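Trainee: I'm new to this one and would like a close look at a single part. Could you pick one helix and walk me through it, along with whatever surrounds it?

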Amino acid sequence: MSERLPDRLLPLLDVQLGFERAHLACLHAAELGDEDALHRGRAARLSAMRALITARAAAGADSAPDRDLLRPAALEALAREAADPA
């Protein structure tokens, strides 16, 4: 990561990644015009968002500065995964 996450946010990274993956799946389904996959993706994204909001609140990390650190870290991790799928 270009900017290291504070230790208290590290446990939230997987939850943020879950949301980002669900969001990307929605975008992909929309691009393909796959309505069934889009509906499933939207349900998964909503569930992931609820889990993320709950986890951030439980960790006391629901402020804008915390969100502003967490999301880019998750997107960076996804980019690394895409570059090195092994």
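Mentor: Let's begin with a yardstick: the expected span of a helix is 1.5 Å times one less than its number of residues. Keep in mind that this is a predicted model. Try the rule on α1 to warm up: this helix has 20 residues, and its first and last C-alpha atoms lie 28 Å apart, close to the 28 Å expected.

Now for the part I'd like to zoom in on, α3, which covers residues 64-83. With 20 residues at 1.5 Å a residue, α3 should span 28 Å, and its end C-alpha atoms are 29 Å apart, so the two values agree. Which residues of α3 are buried? They are Asp66, Leu70, Ala73, Ala74, Ala77 and Leu78. If you look down the axis of α3, those buried residues fall within an arc of 140 degrees, so they line one face of the helix. Over on the other side of α3 you'll find Pro65, Asp68, Ala82 and Ala83, which are exposed.

So what does the buried face meet? The buried residues of α3 pack against α1, residues 13-32, and α2, residues 35-58. You can check this from the α1 end too: α2 and α3 are among the elements covering the buried residues of α1. Those buried residues in α1 include Leu13, Leu17, Phe19 and Cys26. Right after α1 comes Gly33, with a positive phi of about 75 degrees.

Next, follow the chain into α3. Gly60 sits in the loop that links α2 and α3. Leaving aside residues up to four places away in sequence, Gly60 touches Arg8 and Asp66, and Asp66 is one of the buried residues of α3. Glu76 is another story: it comes 16 residues from Gly60 along the chain, and their C-alpha atoms are separated by 23 Å.

Finally, step back to the whole chain. The protein chain has three helices and zero strands, running α-α-α from the N terminus on. Its C-alpha atoms fill a box of roughly 40 × 30 × 20 Å along the principal axes. Of its 86 residues, 28% count as buried. Take the contacts between residues at least 6 apart in sequence: 72% of them join residues at least 24 apart. As for the outside, the protein chain exposes about 5500 Å², with carbon and sulfur atoms supplying 57% of that area. There are 11 positive and 14 negative side chains, and the centres of these two sets lie 4 Å apart.

Note on methods
Residues numbered from 1 in each chain as written. Predicted model: local features only at pLDDT ≥ 70, side-chain atom pairs only at ≥ 80, totals over all residues. Heavy atoms only, no water. Helix = DSSP H or I, 4+ residues; strand = E, 2+ residues; numbered from the N terminus. Buried < 20%, exposed > 50% of the residue type's maximum accessible area, 1.4 Å probe, protein only. Arc of directions from axis to C-beta. Contact = heavy atoms within 4.5 Å. Areas by Shrake-Rupley, 256 points an atom, 1.4 Å probe, with all protein chains shown as cover. Lys, Arg positive; Asp, Glu negative; His and termini not counted. Charge placed at Lys NZ, Arg CZ, Asp CG, Glu CD.
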